[in-house]
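I opened this entry to look up what lies around the DNA and between the chains. My notes follow.

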Number of protein chains: 2
Amino acid sequence: MRIGALSERTGIPRRMLRYYEETGMLVPGRCGNGYRDYEERSVDRALQIRGLLEAGVPTRVIRQVLPCLKLQGAIHDFDATPETLDLLERERDSMSDRIEHLSRSRDAISRYIDTVRGARSPERRVAA
Amino acid sequence: MRIGALSERTGIPRRMLRYYEETGMLVPGRCGNGYRDYEERSVDRALQIRGLLEAGVPTRVIRQVLPCLKLQGAIHDFDATPETLDLLERERDSMSDRIEHLSRSRDAISRYIDTVRGARSPERRVAA
DNA sequence: TCCGACCCTCACATAGATGTGAAGGTCAAG
DNA sequence: CTTGACCTTCACATCTATGTGAGGGTCGGA
């Protein structure tokens, strides 16, 4: 699959897909003519990368973390040095922090929306 | 409370607290001499802001969202126009997306860590 | 009174993610 | 063979969050 197709299927601009390669997060193969050649799995991969970027995870971390997201039961303990494990634990904790903050804010927003909507259409009001 | 104290209590650099004010996310009062004067509640507020910033939520959105995080049961439907509500719903959904991505990645990292640690110290192995 | 620890504003610098466009190669269809 | 739709690299521009520092004001204690 060439870059244009992947871009269309993911909604991610070509520029960003090249950036993902430049930062080592998603490195495609190459055709004889130099064109990038993405596999089918690159679709999920690219979406996951974008999701993490949007959640504020820097490319440096994504690059470190992706190898262990790749394995789906198949453990090919790629390099798992103690340092890598420590880093992964820190990143896991930092992700938990982000999740906590996001959840609390989202829930507060949800409650707010529900309350206001409830006040606006009292006939649908449910006992809170 | 002056900016230095708030900075110490939150671990957030003074520069950033001034930035929070500049962007309208956390606007303190002023003493007679021009010094910023923060309330006690600013501690939580500042921490929440930092948490959201780290989770990739832009200041523009945080500013919109904070007013409805403020109320703790006390509904003073500040401006709640339909447009604001729509925006809040979009932000809520976008936060849910972030949470999903983060959770999936974090869980994958956790599984990976557990697996590797389990393989490393088999005497502590638990049936998976 | 003067020094040190605070505070102020202003402004420039950096780093990361992203936009935009130029100059040019590949290839299939007309 | 030419045209058009792709692709390539390179490079500069932008926006946001953050660092850093200069130049200067406030104020309490030695």
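The model is predicted, and I kept that in mind throughout.

I began with DNA strand D. Helix 1 (3–10) of chain A and helix 2 (14–22) of chain B each supply at least two residues of the surface near this strand. I then asked which helix gives the largest share of the surface near DNA strand D. Helix 2 of chain B does, with three residues. I listed 17 residues around DNA strand D, and the nearest are A:Arg2, A:Gly4, A:Arg36, B:Asn33 and B:Thr59. Sorted by class, the surface near DNA strand D holds seven nonpolar, six polar and four charged residues.

Next I turned to DNA strand C. I found 17 residues surrounding DNA strand C, with A:Asn33, A:Thr59, B:Arg2, B:Gly4 and B:Arg36 closest. Two or more residues of the surface near DNA strand C come from helix 2 (14–22) of chain A, and likewise from helix 1 (3–10) of chain B. The class split near DNA strand C is eight nonpolar, five polar and four charged.

Last, I looked at the contact between the chains. How many residues does each chain put into the contact? Chain A gives 33 residues and chain B gives 34 residues. On the side of chain A that touches chain B, helix 3 (42–54), helix 4 (59–70) and helix 5 (82–120) of chain A each supply at least two residues. Helix 5 of chain A gives the most to that side, 21 residues. I sorted the side of chain A that touches chain B by class and got 17 nonpolar, nine polar and seven charged residues.

Technical notes. Residues are numbered from 1 along each chain as its sequence is written. Chains are lettered from A and ligands numbered from 1 in the order in which they are written. This is a predicted model: local features need pLDDT of at least 70, side-chain atom pairs count only at pLDDT 80 or more; totals for chains, interfaces and linings use all residues. A residue is near a molecule or strand if its C-beta atom, placed from the backbone, lies within 6 Å of it. Helices (H or I, at least four residues) and strands (E, at least two) are DSSP runs, numbered from the N terminus. Ala, Val, Leu, Ile, Met, Phe, Trp, Tyr, Cys and Pro count as nonpolar, Asp, Glu, Lys and Arg as charged, and the others, Gly among them, as polar. Two residues are in contact if their C-beta atoms, placed from the backbone, lie within 7 Å.
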